[in-house]
Amino acid sequence: MADSTLRTLQTTGAGATAKYQSQEDLFRQKWKWDKVAWVSHCVDCYPGNCPFRVYVKDGVVLYEEPGATYQTIEEGVPDLNPMGCQKGAMWGQMLYSQERILYPMKRVGERGAGRWKRITWDQAITEVADAVIDAIQEQGPQSIIHEMTGAQGGPMALSAVTRFTGLVGGITMDLDGVVNDFAPGMYLTFGKIFASSVDDWFLSETIMIWHMNPVYTRIPYYHYVSEARYKGACVVTVAPDVSPSAVHADYHLPVRPGTDAALALAMSQVIIEEGLHNKPFIKEQTDLPLLVRLDNERFLRQSDLQAGGRDDQFYWFDARTKQVVEAPRGTLALGKVNPSLETRTQVRLADGTEVEVQPVFQLVLKRLEDYTPEKASEICGINPEAIRKMARRVATSRTNILLGFNSGKNYHADLMERAMCLMLGLTGNWGKKGSGIRMWSVGPWPGMMTAMKMMPGPEGASRALQMVDSILRSFKAEDPTVTHELAVTELATRGAAMGEGAPPAFFWYYHCGFKENWNRREWHDPSMRREFDDYFNEAVSKGWWQGHVRPGPETTPRVYLEVGGNTLRRTRGGQDQLLKHLWPNLKMVVFIDWRMNTTGMHSDIILPAATHAEKINFHFSTTHMNQMVFNDKSVEPAGEALSEPQIFRMLTKKVEERAKARGFTEYTDGRGAMRRLDDLYNRYTLNGYFDEDEKIVREMIEDGTVDGTLPEGTTLETLRRKGYIRFQDWGLQPMAVNQASDLKPNEVHTPLRHHTERKLPYPTLTRRAQLYIDHEWFLEAGEELPMHKDAPKMGGDYPLMLTSGHPRWSIHSANIMNRMIQDTHQGRPFMFMNPYDAADRNIREGDLVKGYNDKGSFQVWARVAPSVRPGQVIVYNGFEPLMFPGWKDPANMEPGMAKWLGLAGGYGHLRFRSQCWQPTTADRLVRLEVERANGA
């Protein structure tokens, strides 16, 4: 560097200017800082929780580095360190990126035209407040929609906006419905979603990477897979393509896209045929011994045998006494009973008729006749001997399926996952360390207690705990077989029908044009016997979704709150779907974020949010980590940016002010409850107590010590000193309680141990891991047991299938446009295509190509790669739509089909609660054709 350049090089900040006089000065100043603080990147980064140190000089973030201070949890298991990835290391640079939003802005051109004017915070908040009041007056508060996402603003942002929508009577769309990270097959089997801690992977003897690509998406934790392999574990990757994770596996099973169920069922067939199944586990933990009537294929129930009998009391045949006896509902312990897996017998019903019954296990045997390795090989493409080899390995080792977010995005996700669960159930592979199946799951969260409080301080937390405890005790009094987990699950389910959360499927159906898509019969599975609307209307009319059909057809959405999300990128159908059907009805689209994205470009008011290091926060709590990871405010927000709690405190105060000025302070919400606006700010802040972000954080920590999730004596200063604290109990967060395992300070977390060790029942209809679903719709579809069905021709009858996944280069789309990250990939979106498919279409590396089907089209650049199988194309989902020609990404050709069985209800555990049972939309294996774009 020339001396003249060095003499003029300066750093600025806090009013100070420091000149560099030499090359040595430049180097020395790089390693000088004013302050070091703990931060984390509080985004839904599947699942993150990486403590970072941020180095600050003159009020500017110089750089960040992983803290690498996690302690060893279980002796003999490696620690979590260093915890970080390239996105985290460069995140501080994004505070000063070109896409950063610095000031409130108002649209002055057409939506999407990119024409804005800077306005004051007061003007922006006033316009939003008036729009909120207008919506309440015109359509009711249920016309105010917040699309919940894994918000870029972290838990503080999420709690800020959901508290607002809850108080005014608005609607927050369910997170797992919105992003479709729901695992329906896991839920159908276990009545819940759960996940082990990542260090539990190390204890596995066989790791099956299935619908996951951890080399890309689990960078901080992938070392556990490698370390387990060094220890002797066998790593198997099941994927259609030679994924980056397949490169590092012992075995790669290149399954044909969408045929995973056939593979898992074939492995189950081998396990039983060769006598490798674990009979004691099957009898104790699953529903396979329960008796099924052969006349109607329904479970034998007490209501069949006696007038007024229970519909949830089931039976098995005791091989010891040779009698049909009740299967206990309150325990999994068998005692002296020996449930038969083989006996076929007759029973006399209440009306005097006799019917034959047999165990579910016998029906499984019949189903598996269609899935011998030879037959399944014709479907899934895996050699029969490879199927047998993997089946024997699973049956004789602690097997852990690392299930990613990909499976749930398939139309037949439920069948795929249920087949995997059957295989694990047959081999006793859950509820012990190093085994099972995992998804994403919420961990302990003290903020839940803070949100429930009616008054601040420890007394408020204690009263809230007493209230919850009283409700749980009442559930147990109603039914003495109800455990703590079952009671918490019931409370969450009943509460969901009264809260602000709602499954988004009904919103999409009535207001976003998906009714037309979902009634395209040719885009559904051929086994759907009736029109989609027949199932939809039946589900609604029978009250299966009572309290959750919001907003209904009678309400027109008016205000849309996007806080840290990007609905026009993520929603299936994309801009073509939402801008056509939803956007014309919205009178106000409010976009709150730290950076501009596609949804922001189509908004009316943009509010700049502070980002990591600019506000106090925590990372999202997950059972993968079970740590409360702290993010401190270490620099002032750029421009006029504010934290989300600050923004919503301003908004509640302004709504109250404008409501009083307009003489509109009282109204009835969509559920008939009376609401008020003249005391909104006081209710939002507990009479002004929560007027600062740091007060909220201190309260959360204190509440954690009251509810037992945090060690006694933990304070904000503890976290500022250490950066994190390990949770010591699950608290009352339902998904955390559903782990059904003690959270111990010196052991990895393995879910379901309460079931296998303490014999406590599962939260399913049968109180067991339920592999047989005798709901009338499932019977009609032939899906009472898992089976294989081909993916339907979503989008039309075209030769190629689109697959996707999370990219290595970005957390969703947050980092993808960063200049430093762009140097690590092509800097533009691209589609992986097999060389044979490319040659057939005269497509070469780097060509601009067009993907299209009957739903829509998009353009992207070709990346010809032999790692992709013929008939498959891959576009990773983290690219921002505005990076594609015409701003159209693959979402615009995704019809977002919802499988009709997702609407099933009125049956045991098939009830909605947060992040659980609901219809979701598919975006994997959408059909398309690809050709060179015009001019390419």
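Phe-27, Trp-31, Trp-33 and Val-36 form a nonpolar patch on the surface, with about 430 Å² of accessible area together. Areas come from the Shrake-Rupley method with a 1.4 Å probe, and for residues only the protein chains shown count as cover. Patch members have over 30% relative accessible area and no salt bridge; nonpolar side chains (Val, Leu, Ile, Met, Phe, Trp, Tyr) are joined within 5 Å, like charges within 9 Å. A salt bridge is a side-chain nitrogen of Lys or Arg within 4 Å of a carboxyl oxygen of Asp or Glu.

This is a predicted model: local features need pLDDT of at least 70, side-chain atom pairs count only at pLDDT 80 or more, and totals for chains, interfaces and linings use all residues. Residues are numbered from 1 along each chain as its sequence is written, and side-chain values use heavy atoms, with hydrogens and water left out.

Trp-33 sits in the loop between helix H2 (23-30) and strand E3 (35-39). Helices (H or I, at least four residues) and strands (E, at least two) are DSSP runs, numbered from the N terminus. Trp-33 is partly exposed, because its relative accessible area is 37% and the class lies between buried (under 20%) and exposed (over 50%), with a 1.4 Å probe and protein chains only.

**Sheet E13-E17-E16**

Three strands form an open antiparallel sheet in the order E13-E17-E16. Its edge strands are E13 (291-293) and E16 (345-348), each pairing on one side only. Neighbouring strands are turned by 45° against each other on average, direction ignored. Two strands count as paired if DSSP finds at least two bridges between them. Helix H14 (residues 360-368) lies across E13 and E17, at about 70° to E17. Contact means heavy atoms within 4.5 Å. Axes are lines fitted to C-alpha atoms, for helices over the stretch in contact, and angles run from 0 to 180 degrees between N-to-C directions.

**Strand E29**

Strands of a sheet pair through backbone hydrogen bonds, either parallel or antiparallel. E29 (residues 800-803) sends Leu-800 and Leu-802 one way and Met-801 and Thr-803 the other; all are buried. The table lists strand pairings, including both senses for E29.

| Pair | Sense | Bridges | Opposed residues |
|---|---|---|---|
| E16 and E17 (residues 354-359) | antiparallel | four | Arg-348 and Glu-354 |
| E29 and E34 (residues 926-932) | antiparallel | three | Leu-802 and Val-926 |
| E29 and E33 (residues 872-874) | parallel | three | Thr-803 and Ile-874 |

**Backbone exceptions**

The peptide bond from Asn-81 to Pro-82 is cis, with omega near 10°. Pro-82 is in the loop between strand E5 (60-66) and helix H3 (86-90). Another cis bond runs from Arg-550 to Pro-551, with omega near -10°. Pro-551 falls in the loop between helix H23 (532-541) and strand E21 (559-563).

Leu-686 is not a glycine, yet has a positive phi of about 55°. This residue lies in the loop between helices H28 (680-685) and H29 (693-707). Leu-686 counts as buried because its relative accessibility is 9%. Lys-759, also not a glycine, has a positive phi of about 65°. Lys-759 is in the loop between helices H32 (753-756) and H33 (776-781).

**Thr-217**

Thr-217 belongs to helix H8 (residues 214-217). At 10% relative accessibility, Thr-217 counts as buried. Not counting residues up to four places away in sequence, Thr-217 touches Tyr-46, Met-212 and His-806.
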